[in-house]
Amino acid sequence: MVPTLEGSPDPLFPDFPRGPLHAYRARASFSWKELSLFLEGEDMLRYKKSIFSALESDPLFARPHGAHLSLEKYRELNFLRCRRIFEYDFLSAEDMFRSPLKVLMFSNCLGMYDWSLATKYFLHTMVFGSAIYNSGSERHFEYIQKVFSMEIFGCFALTEVSHGSNTKAIRTTAHYDPATEEFIIHSPDFEAAKFWVGNMGKTATHAVVFAQLYVPGGQCHGLHPFVVQIRDPKTLLPMPGVMVGDMGKKLGQNGLDNGFAMFHQVRIPRQNLLNRNGDVTPDGTYLSPFKDVRERLGASLGSLSLGRVSIIGMSIVNLQLAVSIALRFSATRRQFGPTQEEEIPVLEYQLQQWRLLPYLAAAYALYHFSKSLFLDLVEQQQGLLGGDRSARQAELGHEIHALASAGKPLASWTAQQGIQECREACGGHGYLAMNRLGVLRDDNDPNCTYEGDNNVLLLQTSNYLLGLLARRFQGGARLQSPLRTVDFLEAYPDILGQRFTGSSFADCLDSAVPLAAYKWLVCYLLRESYQKLIQEKRSGSNDFEARNNCQVYYCRSLALAFMELTVVQRFHEHTHQPGVPPSLRAVLGRLSALYALWSLSRHTAVLYQAERRCSCPGRRDRSS
């Protein structure tokens, strides 16, 4: 029996009205309703339906047909919608802790409507609010209450004009004055201006500002977060010493007001330092529970992992929307046929299927990965808040950082390429603005850049893998991690000795086959990257030069292949678990195999080259 919403005559899964797509839906070999229940669960489906139903019936969220909103009007309307979202109370502070997956589902629902709205809401609650909760202490909890009541509106100010990825080089300063028990926030020049900060342009009243902390005597203790009021909440006029403004129109997400700020000797109370990871006493003594400066900085920048994991989810929503639009169009658009009198839907053409169906499989595989990684991050953050300083907790943080750093590039690039393919697959009609494909493409584009440029982030993941292998060779450390994503590397030499044994097309339809090939590929790229790094150092390059010379061959490919392997592995396990309904096993198995084989096919040249090299007589593994 189909579940129904309590108190409502409408079923949770209303049947689609008969129309052009009915013939295809009637031919389905599985129940889409059963698939939705398996992938989402009834509680989440009810939750999503409640959000969509509320937005559909609220005139404030009606889209202006045929009217082009000015930049100012769009941003005003976006803020009003954001305020209405708080009034609906879809996601309370208690929900975030009791059912963290609701956070991801809520973000996806708002993003399907408009990413400007979703980003504005979550920069305020999850990025600004979470930064205060995770990096602050009890004295800062008053801000959390004001976040959800919208007494204040927040933003996260890390990036500067001259530095983004290199966070250690951030130049905003915070000098402590023990005479007044205040920090003095200062921007030494324009290059130190906070830049590209979402919500800062028009609406933010407070910011979590990252600055270099100096104590009396001039000693710098590195980057720390501070709560700084930048505008009057009643008038939205800048506070004394703060120059703040809007960056203007962007390529997409123009309902979000990105801004800049400079600080001229702005004094804030000592208590405005978010002090969970580092504190200053009234007399100016610096204290921290971390002995390792890098671990303290990593804990303080935990919001970046949250941001990157969120961007993975954002990218997949964009891909889901684009694929849905293109496939539905392809099922109804008819061109040519076996006779002049009979035209067939373009979806029946092998070429159209070749273009679109891999992105359909990618949407499912990456969606599962985004949910599972989000829950891994929740576990890690809960450990930090609980004061867990164990070695496992530290390793979990490193592993999630590596997964988020490569997951964001894989998801955002897949969405970018998929949306473009969907646009082209819809022919001339795909170029119409009304179909949303152009908006999706533009709104997805910044996912490739903010919270870390994709190519730069991949180096974080390859460095993580190279570090594991180096420790193995130098000290015999086991190749394992809390989430077990690298545990297969323990069999590194044996895997490289394996060869593909499939003898038929049918053998490849089990995603376990490309999964084994992926493990071989990652081991090969890891060996080649490590050997290249050692070779560069032996030739006289310092560590910086050696790593720079290894970025393209093969570190970038290593990080992407490792990330694809992780997605394939998790989706394979999910689609082959005992709890999969028998009626869904075939279709989920095909989706899993299609994504794995399609992703692996992009490495065909490397696989061919690797096979040739590994089969050369006399070649041996020189890594050790």
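A salt bridge, as I use the term today, is a side-chain nitrogen of Lys or Arg within 4 Å of a carboxyl oxygen of Asp or Glu. Please keep that in mind while you look at the structure above, which is a predicted model. By this rule the count comes to 28 salt bridges. I will go through a few of them, and then turn to two annotated positions.

Take Arg-355 and Glu-421 to begin with. Their side chains meet in a salt bridge, at 2.8 Å from N to O. This pair links distant parts of the chain, since Arg-355 sits in helix H11, residues 350-385, while Glu-421 sits in helix H12, and 66 residues separate them. Is Arg-355 buried or exposed? Arg-355 has a relative accessible area of 19%, and the cut-off for buried is under 20%, so Arg-355 counts as buried. Glu-421, with 23%, is partly exposed.

While we are at H12, look at the helix itself. Helix H12 covers residues 391-425, which is 35 residues. From its first C-alpha to its last it reaches 50 Å, close to the 51 Å expected at 1.5 Å a residue. After H12 comes Gly-427, and the phi of Gly-427 is positive, near 65 degrees.

The next pair is Arg-98 and Asp-95. Their side chains also form a salt bridge, with 2.8 Å between N and O. Where do these two residues lie? Both are in helix H5, residues 93-98, three residues apart, which is about one turn of the helix. The two partners differ in accessibility: Arg-98 is exposed, with a relative accessible area of 60%, whereas Asp-95 is buried, with 10%.

One more pair is Glu-490 with Arg-472. The closest N and O atoms in this salt bridge are 3.4 Å apart. Glu-490 lies in the loop between helix H14 (454-475) and helix H15 (492-496), and Arg-472 lies in helix H14, so the salt bridge ties together parts that are 18 residues apart in sequence. Glu-490 is partly exposed, at 26% relative accessible area, and Arg-472 is partly exposed, at 26%. There is also a network: salt bridges that share partners join Glu-40, Lys-48 and Lys-371.

Now the annotated positions. Which residues carry the feature "binding site" in the UniProt record? That unreviewed entry places the feature at Thr-159 and Gly-198. They are spread over 40 residues of sequence, yet they cluster in space, with a largest C-alpha distance of 10.8 Å.

Thr-159 lies in the loop between strand E1, residues 154-157, and strand E2, residues 173-177. At 29% relative accessibility, Thr-159 is partly exposed. What does Thr-159 contact, leaving aside its neighbours within four places in sequence? The contacts are Gly-164, Ala-193, Lys-194 and Phe-195.

Gly-198, on the other hand, lies in a strand, namely E4, residues 194-198. Why does Gly-198 count as buried? Its relative accessibility is 10%, and buried means under 20%. Not counting residues up to four places away in sequence, Gly-198 touches Leu-123, Cys-155, Leu-256, Asp-257 and Asn-258.

To close, go back to the two annotated residues in the structure: Thr-159 is in a loop and Gly-198 is in strand E4. Then find Arg-355 and Glu-421, the pair that links helix H11 to helix H12. That is all from me.

Terms used. Residues numbered from 1 in each chain as written. Predicted model: local features only at pLDDT ≥ 70, side-chain atom pairs only at ≥ 80, totals over all residues. Heavy atoms only, no water. UniProt positions renumbered as here; feature names shortened; annotations may be inferred. Helix = DSSP H or I, 4+ residues; strand = E, 2+ residues; numbered from the N terminus. Buried < 20%, exposed > 50% of the residue type's maximum accessible area, 1.4 Å probe, protein only. Contact = heavy atoms within 4.5 Å. Expected span 1.5 Å × (residues − 1).
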